[in-house]
Amino acid sequence: MTPGPVSAQRGGRPVVTFSGARLAFGDRVLWDGLDLAIEPGEFVAVLGPNGSGKTSFLRVLLGQYALRSGTVETTEAVGYIPQQHADDADPMAIRGRDLVGFGVDGNRWGLGLRGRARRRELVDRALDAVDARHYADAPLGVLSGGEQQRLRVAQAVVSEPDLLLCDEPLASLDPTNQHVVVDLIDRRRREAGTAVVFVTHEINPILPYVDRVLYLVGGRFRIGTPEQVMTTETLSELYGSDVEVLRVNGRLVVIGGEDAHHCVAPETPGSRPA
Ligand SMILES: Nc1ncnc2c1ncn2[C@@H]1O[C@H](COP(=O)(O)OP(=O)(O)OP(=O)(O)O)[C@@H](O)[C@H]1O
């Protein structure tokens with residue numbers, strides 16, 4: 001289903017380059033010695049148990065957290081899909097169209113007539129890309145989780161980013177809406193070569209799209225293709241305990257490890273494996 005990274009064809013420079021990067025809060029080291037270049041069009045999944053540093057990784061890319069040592073360089077054109085319900089705005093006071101507009105110009109409303117027309121054109125195009133024009137004038141608060149998440153994708157891509165940062169954008173969506181949202185993100189990647197960094201607890205909904213996994217556990221990490229990282233041997237080594245990775249009907253099931261509860265058994269949505 002995935003066309004894979006387009007970096008080779010585009011010959012583009014990396015949109016993210018970490019060199020010898022270390023992130024720590026006080027004595028707590030989240031990762032150290034991180035060398036990672038993310039190419040245009042690459043889809044990188046960031047996985048790991050609660051508190052392993054996934055959101056902090058995005059915050060470094062957003063320029064909100066400084067590295068303790070090493071360097072990170074990123075493209076300036078960054079789009080961001082936050083966790084659901086992370087918006088500051090009152091959901092009954094803003095419309096979907098307003099949310100998408102914030103992606104064009106933040107909260108600047110003092111645009112001239114020309115600016116307003118251009119803004120509307122960009123917003124309408126982004127709304128069409130996620131098929132949300134028909135509910136864009138309703139208050140955000142009356143929309144379903146899936147509808148809201150489509151608007152957040154539109155907000156993130158309206159500024160034409162080279163890099164799209166996604167913080168658990170599928171959380172609390174049903175499988176159908178998960179598929180719709182991942183597909184919208186992947187379409188942006190395929191059509192515009194936008195690199196995607198996707199933080200998630202559950203790899204299965206995005207597995208067909210993922211080029212590389214960054215797996216964080218307790219101050220350590222592994223980077224590689226899903227086939228390299230999501231193995232019994234690699235995860236057992238990373239967790240420092242017995243972890244078993246099974247492939248069943250194209251889905252990955254991780255048994256053991258601190259995050260075993262994040263994995264949904266195949267064919268039994270909603271169940272909680274041991
Ligand atoms: N600004 C900060 N100051 C101090 N500690 C922080 C700060 N931001 C994050 N941390 C700590 O760093 C660790 C990693 O947090 P982070 O939110 O990145 O984890 P996560 O992998 O996204 O977790 P979850 O899966 O629960 O969302 C946590 O222990 C958190 O308390």
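Two strands are said to pair if DSSP finds at least two bridges between them. With that in mind, look at the model above, which is a predicted one. Strand S10, residues 243-248, and strand S11, residues 251-256, pair in the antiparallel sense, and six bridges link them. One place to see this is Arg 247, which stands opposite Leu 252 in S11. Together S10 and S11 form a hairpin with two residues between them. In that turn sits Asn 249, whose phi is positive, about 50°.

Now step back to the whole chain. The protein has 274 residues, and buried ones make up 37% of them. Its secondary structure consists of eight helices and eleven strands. How far apart in sequence are the residues that touch? Among contacts between residues at least 6 apart in sequence, 65% join residues at least 24 apart.

Next, let us visit the sheets. As a general point, strands of a sheet pair through backbone hydrogen bonds, either parallel or antiparallel. One open sheet has three strands in the order S2-S1-S4, with antiparallel pairing. Its edge strands are S2 (28-38) and S4 (69-74), each of which pairs on one side only. From one strand to the next, the twist averages 25°. Seven bridges hold the antiparallel pair of S1 (residues 16-25) and S2, and within this pair Thr 17 stands opposite Ala 37 in S2. Helix H2 packs on this sheet and touches S1, S2 and S4, with its direction at about 125° to that of S1.

Another open sheet has six strands, and here the pairing is mixed. Reading across, you meet S5-S6-S7-S3-S8-S9. Why does one side of S5 and of S9 lack a neighbour in the sheet? Strand S5 (78-81) and strand S9 (220-224) stand at the edges with a single partner strand each, so one side of each is left free of a neighbour there. On average, neighbouring strands of this sheet are turned by 15° against each other, direction ignored. Inside the sheet, S3 (residues 43-47) and S8 (residues 212-217) run parallel and are joined by four bridges. For example, Val 44 has Arg 212 in S8 as its bridge partner.

Helix H2 appears again here: H2 packs on the six-stranded sheet too, touching S3, S6 (163-167), S7 (195-199) and S8. The direction of H2 makes about 145° with that of S7. Helix H6, residues 175-192, also packs on this sheet, where H6 touches S3, S6 and S7 and makes an angle of about 165° with the direction of S6.

What about the interior? In soluble globular proteins, nonpolar side chains tend to be buried together. In this model the largest nonpolar core has 67 residues, and Ala 154, Val 197 and Phe 198 touch the most other members. Leaving out residues up to four places away in sequence, the contacts of Val 197 include Val 44, Val 46, Leu 58, Leu 61 and Leu 163.

Finally, turn to the ligand. Which residues surround the ligand? They are Phe 25, Leu 30, Gly 48, Asn 50, Gly 51, Ser 52, Gly 53, Lys 54, Thr 55 and Ser 56. Sorted by class, this shell has two nonpolar, seven polar and one charged residues. Helix H2, residues 54-61, supplies the largest share of the shell, three residues. H2 is thus a good place to end the tour.

Note on methods. Residues are numbered from 1 along each chain as its sequence is written. This is a predicted model: local features need pLDDT of at least 70, side-chain atom pairs count only at pLDDT 80 or more; totals for chains, interfaces and linings use all residues. A residue is near a molecule or strand if its C-beta atom, placed from the backbone, lies within 6 Å of it. Ala, Val, Leu, Ile, Met, Phe, Trp, Tyr, Cys and Pro count as nonpolar, Asp, Glu, Lys and Arg as charged, and the others, Gly among them, as polar. Axes are lines fitted to C-alpha atoms, for helices over the stretch in contact, and angles run from 0 to 180 degrees between N-to-C directions. Two residues are in contact if their C-beta atoms, placed from the backbone, lie within 7 Å. A nonpolar core is a set of buried Ala, Val, Leu, Ile, Met, Phe, Trp, Tyr and Cys residues joined through C-beta atoms within 7 Å. A residue is buried if 20 or more other C-beta atoms lie within 10 Å of its own, exposed if 12 or fewer, and partly exposed in between; C-beta atoms are placed from the backbone.
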